[in-house]
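Here is a short briefing on one chain. It goes from strand pairing to the cores, then to the chain as a whole.

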Amino acid sequence: MKKMIFATLVAVMGLYSCSKTELANTSNPLPMPENVAAKVQGLEITPKTNYVVVGEEVSLTAAFKPEDAQAGTITWKSSDETVATVDAGGKVTTLAKGVASITASVDGVSASALVNVFAERVPATEIVLNKTEVSLLVGRAANIKSSLLPENTTDARKLEWTSSDEKVAVVSYGYIQAVGMGEATITARQDDLTATVKVTVADKIKLVDRAEAWTVTDTPKWDKDYYGTITGSHEEVSVAGFDGEYAYFGIVEASKFEGVEAISNAVYEQVTEKQDAGQSPEGLFRKEEQFSANYSEKGEAVAYLLAYDEEFEFTGEYVVYNFTAREPDPVHATGIEFQGQSGWDYAAISSLQLKEGKSTRLKLKLLPDDCTDTGSITLAPKDPSMMKVEAYYPQWYPNQFTVTALAEGTTKLVATFNDVVSELDVTITGTNITLTDHSATWAATKEVTEQWGYTIVNITVTACDAASFYATATDEKPQGTTLKSTLAAMADAAASYEIQSEVPATFQSWGGPDGRYIVILGYNGEDFSGDYAIIDTEGGTTPTPDPGTGGVSVSFDAQGQYLQNTFGDSDAVQDEVTLEGWFKPSSLTGGGDNIRVLWGTEGIFLLRYEGSQLNLVYGGAKRTDKNEYNERKVTYTTNMAVNEWHHIAATYKRNEKARLYVDGVEVASNDAEDHAIELNGVGAKWDLPFSFIIGAAGQPKRNFLGSMAYLRVWNVARTATEIAANMNVASPDDDNSNLLAAWNFTEGSGNNIADSAYGVYPLTANSNLSWSSDALPF
């Protein structure tokens, strides 16, 4: 024996002494020495499940895997020794009613058997199968689930399964496989008990239309996106009364529907793929009594529902529903809901409170919730002198607005959509801020750059003695009655990290186009102190009107020329206003309705000739049916002459008077209303391409014929003394702080008229102008 072992070792060592090339070319692997034992990989205990009565014994055996494995001694252990104990040989002794798990262990591997201990033996009386009939296609299978009754039987389930015709169907442990067309009976037997399943195998499943039992309906619905905007329509299809186990439900365009058999075959392929991958196909199906789905297209479509059993086999029961997807009836708006900011979202509000100079965001929503109307909702202040409204990035956030409180008091915000109007009560509390102008001592410079398609104004504050301050840029100069609230709103818009305390300090303003005016604001902590400076980067801190050269006027002929302008938000709405200028009409008649318009805003504040009479037409009470005012007039009944220069002025003071002046003398007046003058108009009475207009109006053929010069717009109602004292000078001699714009017509040629006051509001002609050097009265 020793010689044999020695020889074997020599042979093995000789093999390992071969070169690598020789080993690589060896066709047979090295033989395993015969005396090397296999390591145990697992254990198998039999019987695995046991049903016994108290006092009975069970003998368990444990077999190695693989069978030729060698291992140490097996140890046995009971999970509950009050129910059952086990000895070193695997013999189990039962002691009390209950369940115990018996575990065998060896060399790090283990296995368990279950011992169910009953107080007394309860024999099985019936075999119950979950199906008594099965219809299958050739090649498909069904799994039959079984159980013994009564439920507390102590008999172990050890059913024997047989087929009456294995050319039709074969069975193993309840798993039936269809192999050929025909019928067969599958029998489950245990002792004297039996149960059967009738199996019918065909090459084509029998279809059963369940349209009478399964009710299908379709309802058109509107589809809204995240913002509540209508993006299209869809059809909701519902199926009620389903009494099967599982269902496969879908909707397709009619031209793509290939029939029930095609669908069931495709589903079978999906089921097989999932099962082959070790996955449950349950996710393909739904187990409900009622189904619904949305179809987002339009036109002819088909909805279908197929029934499946617990083994995900198609039973042949189905319903197919043909319909035409269509849009539902529209739901029109009946109201508008105001929503205020609530954290990151919006919530409905019934009123609004703001502090003067403060801003907030509002969102408007059409009601009812299922309203299908689309479009922009307009939002405007009832009194523009008290509130300012701006659309908040309308291209991204439709129907959202930033509102700013301008003056203390109560007012309303008016939302309008077609004929639907809704109002929000607003209370504005005052501020104790006293404004102090530091424009003479504070200083700043700017540099304009472009970034990502935006104009950025880089500001450097070089002189400022406020404890802390902030700077921004704007193209409209803050001034007039809204100065305090405008500055307070600018201060409120600054983030806390933007406020600085040492000069030089830099700021960025994403304004445009180039931020002519730099506004520096002082702070007490995080609150605006009232200290400010407004620096005109193109003309110093106190620009004065250009005196002009005089003696030049612009002429309007029958070609229909006109000049147009739009005032900035801070200047467009005034409680007081004055229009004045020199006019020399060449004709007073012949226009549309015998009207010739001098200048102003249609439907709001307009000077015009009606025949030989001069009229100031202004807005009366606000109409409730439209966004416009009833018309009121101040009429100068004395006939006006043609081809003569006259100075004409019109003034308006809220809640007091509207007045007409000719050559510095008041000639007529009428009561003013309790609303401001909107120089840019409300855009409702006529479909105007612009608002403030010189030499024309919204109605056709009402153009002014003649010459005009030295036009001025003030944000106060000038007195007769002030008008008479300054009408014959190119530049007024008194306080010019309330002068909004002045056009002296000193260019002498071209179609662009400069603003001689502050350069903010130049005029542009719609066509070529005619110029004249007519001698003016001064």
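Two strands count as paired if DSSP finds at least two bridges between them. By that rule strand 30 (residues 351-355) pairs with strand 36, since five bridges join the two, and they run parallel. The model is predicted.

**Strand 36 and its partners**
- Strand 36 spans residues 420-429.
- One face of strand 36 is covered: V420, S422, L424, V426 and I428.
- The other face is uncovered, with V421, E423, D425, T427 and T429.
- On the parallel side, Q353 stands opposite T427 in strand 36.
- Strand 35 (residues 409-417) is joined to strand 36 by nine bridges, and these two run antiparallel.
- V414 has E423 of strand 36 as its bridge partner.
- Strands 35 and 36 make a hairpin with two residues between them.
- N418 sits in that turn and has a positive phi of about 55°.

**A four-stranded sheet**
- Four strands form an open sheet in the order 13-20-19-16.
- Pairing in this sheet is mixed.
- Its edges are strand 13 (133-137) and strand 16 (160-163), each of which pairs on one side only.
- From one strand to the next, the twist averages 25°.
- Strand 13 and strand 20 (residues 193-202) run parallel and are joined by five bridges.
- V134 has V199 in strand 20 as its bridge partner.

**Helix 4**
- How much of helix 4 is buried? Eight of its eleven residues (483-493) are, so the helix is largely enclosed by the rest of the structure.
- The buried residues are L483, S485, T486, L487, A488, A489, M490 and A491.
- Which strands do the buried residues of helix 4 pack against? They pack against strand 31 (359-367), strand 34 (400-405), strand 40 (468-474), strand 42 (517-524) and strand 43 (527-536).

**Nonpolar cores**
- In soluble globular proteins, nonpolar side chains tend to be buried together.
- The largest nonpolar core here holds 48 residues.
- Within that core, the residues with the most contacts are F567, W599, F605, I694, V713 and W743.
- Another core, of 37 residues, lies apart from it.
- Among the members of this other core are F469, M490, V519 and L521.
- M490 is also one of the buried residues of helix 4.

**P281, a loop residue**
- P281 lies in the loop between helix 3 (260-276) and strand 25 (290-295).
- Is P281 buried or exposed? P281 counts as buried because its relative accessibility is 3%, and the cut-off for buried is under 20%.
- Leaving aside neighbours within four places in sequence, P281 contacts V271, K274, Q275 and F312.
- P281 and F312 are 31 residues apart in sequence, and their C-alpha atoms are 7.6 Å apart.

**The chain as a whole**
- The chain has six helices and 61 strands.
- Of its 778 residues, 44% are buried.
- Take the contacts between residues at least 6 apart in sequence: 63% of these join residues at least 24 apart.
- The chain exposes about 39,500 Å², and carbon and sulfur atoms supply 47% of that area.

Definitions and conventions
Residues are numbered from 1 along each chain as its sequence is written. This is a predicted model: local features need pLDDT of at least 70, side-chain atom pairs count only at pLDDT 80 or more; totals for chains, interfaces and linings use all residues. Side-chain values use heavy atoms; hydrogens and water are left out. A nonpolar core is a set of buried Ala, Val, Leu, Ile, Met, Phe, Trp, Tyr and Cys residues joined through side-chain atoms within 4.5 Å. Buried means under 20% relative accessible area, exposed over 50%, partly exposed in between (1.4 Å probe, protein chains only). Contact means heavy atoms within 4.5 Å. Axes are lines fitted to C-alpha atoms, for helices over the stretch in contact, and angles run from 0 to 180 degrees between N-to-C directions. Accessible areas come from the Shrake-Rupley method with a 1.4 Å probe; for residues, only the protein chains shown count as cover.
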